[in-house]
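Q: I'd like a close look at one part of this model, taken slowly. Can you walk me through how one helix sits on its sheet, and then what surrounds that spot?

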Amino acid sequence: MKILVAVKRVIDYNVQVRVKEDNTGVVTENVKMSTNPPDDNAIEEAVKIKESGKATEVVAVSVGEEKAQETVRKALAVGADRGILIKADGILEPLAVSKLLQKIVEKEKPDLVFMGKQAIDDDCNQTGQMLSALLNWPQATFASKIEIKDKKLEVTREIDEGLETIEINIPAIVTCDLRLNEPRYASLPNIMKAKKKPIEQINASDLGVDTSPRIEQIKVEEPPKRKAGVKVKSVAELVQKLKNEAKVI
Amino acid sequence: MSVLLVAEHNNKELKPFTLNAVTAASQMDTDLHAVIIGNNCGDAAKKLSELPLVKKVIQVEAAHYENFVAENFAPVIVKLAENYSHVVCSANTFGKNLMPRIAASLDTSQVSDIIKVISADTFLRPIYAGNAFATVKSKDPKKCITIRPTSFDPCESSGGSAPIEKAEPSEEFNNTKFVKREEIKSDRPELGTARVVVSGGRGMQSGDNFKLITSVADKLNAAIGASRAAVDAGYISNDHQVGQTGKVVVPDLYIAIGISGAIQHLAGMKESKVIVAINKDGEAPIFSVADYGLEADLFEAVPQFIEELNKLNTIQK
């Protein structure tokens, strides 16, 4: 079995994001970038499946600018066998990304495609579901547990009401939740080894997909600021303020 | 052209956020139709027809719609979408799972999780966990939009009498089978719509200590929330998680206990009307959004808080 894992390079989750003064976007210069957190869970799960002997190859793919190679390289350092970078500049909407991934799926013919459930930059939560639609494959979104049963997967999904379990036939798409597993750190020897693993580079324009944005970003602004609150000295003062000032209890 | 709203329901009743989605959809175009897909969902369809903003209900029934599998729902909606300019539903796990499957089939770039309708094609949406707001304009001929339910008021729920039309079901998608759903039943208000939310974080130190959160919630008739750290640590189940990848809540009162206030948690609660933080670390980021901050050991402060609440005789029920 072959698993393709899509990974995205995003602003690190610990960075306090700042809006550009000209309101065209957020500041990305000199800002720490990392793998989108739930994509780390997707890689981890694929590598674990390979280690258990149920998969033979894990291929990491990313779409983005040249530097997204670092994100692919990180996936190789935690156990992916080889990488693919689809080079494209500018804003890429999930629809465009899913069409590019569709081309890679048609070429690589994986049995499973894993990715994070949501990217923490645009917060769209679309790509996995869109890729499933384009391929007409089953989708298991927000996965917190995956069990492989022959040519099927049993997946536990985190939903608003609690948990849901579905059974999907392979080939399939799984989008991973943060609770699926605990992503490992890359060891130094593995980082060194990853440097020797191949990364194939493909230009998005060579894949015959129109990636031009369909959504015009008119402006990006700071959200309204909350006005600073007060520190209370005691529980009694807190309760008094909630009752008499805020009038919420 | 008109708007098609996808109703969320449990085959008997509408899910409360359907009313918020109706409000949002009606702001895109007042010619608003609603589709309900399910199995023996006639009662829910009738309730949908009673919403005054809904002009027509389309009911699609089949056994394979019983459990809301997106792979079964999407083809029906894609077919119906021929007659509409917009397809709309809530950005909760139901809509997040379903809408991109519809959008890709329509070759539409979806606009997710909008918090404001500026015009029929222009919307406001938070990005980067709510640290920036983007104004975006969809250039696609058909628009697929998910809305953040807590950013729109629920619509009027009675007085309407829209016609209910039946539409043909699509074929079953055989590669996905529903197995089971484990819903956590509770007598408390729902987290997404509760007037008061009491949340615990890693500072609770154990699942057992969450009893303190429960006691406060009992006093205030509140829903119980949690930070991702508390859910990851196994103190409480995932359906309580508030934050960027959990639920977004906008209660009148949000009480954060033992929560440091990571960016990802703030994304889910910072629009609350009044925020209270109880934390022993005076530098914790949660204090930057709190209207009332109490720097104290929660294991001393929370029992006192419960005692003080006991003294009040104006407890909201």
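Which strands of chain B does helix α5 (residues 210-220) lie across, and at about what angle does α5(B) run to β12(B)?

A: Keep in mind that this is a predicted model. Helix α5 of chain B, residues 210-220, lies across three strands of chain B: β12 (196-200), β13 and β14 (253-257). Its direction makes about 170° with that of β12(B).

Now the sheet underneath. The order is β13(A)-β16(B)-β15(B)-β14(B)-β12(B)-β13(B), an open sheet of 6 strands with parallel pairing. At the edges you'll find β13 of chain A and β13 (223-226) of chain B, each of them pairing on one side only. From one strand to the next, the twist averages 20°.

α5(B) also has a helix to pack against. That helix is α8 of chain B, residues 298-311, with the two axes 10 Å apart and an angle of about 20° between them. α5(B) and α8(B) are therefore roughly parallel to each other, and their crossing is left-handed. If you want to pick out the side chains, α5(B) brings L212(B), S215(B), V216(B) and K219(B), which meet V302(B), F305(B), I306(B) and L309(B) of α8(B). Sorted by class, that contact has 6 nonpolar residues, 1 polar and 1 charged.

Let's move along the sheet to β13(A), the edge strand from chain A. β13(A) runs parallel to strand β16 of chain B (residues 292-295), and 3 bridges join them. You can find the register from two residues: K231(A) stands opposite G293(B), and V232(A) has L294(B) as its bridge partner. A helix of chain A packs on this sheet too: α6(A) touches β13 of chain A along with β15 (274-279) and β16 of chain B. The direction of α6(A) makes about 170° with that of β16(B).

That brings us to the contact between the two chains, with 65 residues taken from chain A and 73 from chain B. On the chain A side, the elements giving two or more residues include β13 (230-232) and α6 (235-244), and among the others are α3 (94-108), α4 (127-135) and β12 (215-221). β9(A) gives the largest share of that side, 8 residues. By class, the side of chain A that touches chain B has 31 nonpolar, 14 polar and 20 charged residues.

There's a helix pair across the chains as well. α4(A) packs with helix α4 of chain B (residues 93-105), their axes 7 Å apart and at an angle of about 45°. α4(A) and α4(B) are therefore oblique to each other, with a right-handed crossing. From α4(A), the residues involved are Q129(A), M130(A), S132(A), A133(A) and L134(A). They meet N97(B), P100(B), R101(B), A103(B), A104(B) and S105(B) in α4(B). The class split here is 6 nonpolar, 4 polar and 1 charged.

Back inside chain B, there's another open sheet, this one of 7 strands with parallel pairing, in the order β5-β9-β4-β1-β2-β3-β10. The edges are β5 (111-114) and β10 (164-166) of chain B; each has a single partner strand, so one side of each is left without a neighbour in the sheet. Neighbouring strands of this sheet are turned by 25° against each other on average, direction ignored. Take one pair as an example: β4 (residues 84-90) and β9 (residues 143-147) of chain B run parallel and are joined by 5 bridges. Within that pair, S90(B) has I147(B) as its bridge partner in β9(B). Helix α3 of chain B, residues 70-80, packs on this sheet and touches β1 (2-6), β2 (32-38), β3 (56-61) and β4 of chain B, its direction making about 155° with that of β2(B).

Zooming out, chain B has 8 helices and 16 strands. Its radius of gyration is 21 Å, close to the 20 Å that the globule rule gives for 317 residues, so chain B is as compact as a globular protein of that length. Taken along the principal axes, the C-alpha atoms of chain B fill a box of roughly 60 × 40 × 40 Å.

Notes: Residues are numbered from 1 along each chain as its sequence is written. Chains are lettered from A and ligands numbered from 1 in the order in which they are written. This is a predicted model: local features need pLDDT of at least 70, side-chain atom pairs count only at pLDDT 80 or more; totals for chains, interfaces and linings use all residues. Two strands pair if DSSP finds at least two bridges between them. Helices (H or I, at least four residues) and strands (E, at least two) are DSSP runs, numbered from the N terminus. Axes are lines fitted to C-alpha atoms, for helices over the stretch in contact, and angles run from 0 to 180 degrees between N-to-C directions. Two residues are in contact if their C-beta atoms, placed from the backbone, lie within 7 Å. Ala, Val, Leu, Ile, Met, Phe, Trp, Tyr, Cys and Pro count as nonpolar, Asp, Glu, Lys and Arg as charged, and the others, Gly among them, as polar. Angles under 35 degrees count as roughly parallel, over 145 as roughly antiparallel, 65 to 115 as roughly perpendicular and the rest as oblique. A crossing is left-handed if the near helix is turned anticlockwise from the far one by less than a right angle, and right-handed if clockwise. The radius of gyration is taken over C-alpha atoms; the globule rule is 2.2 Å times the number of residues to the power 0.38.
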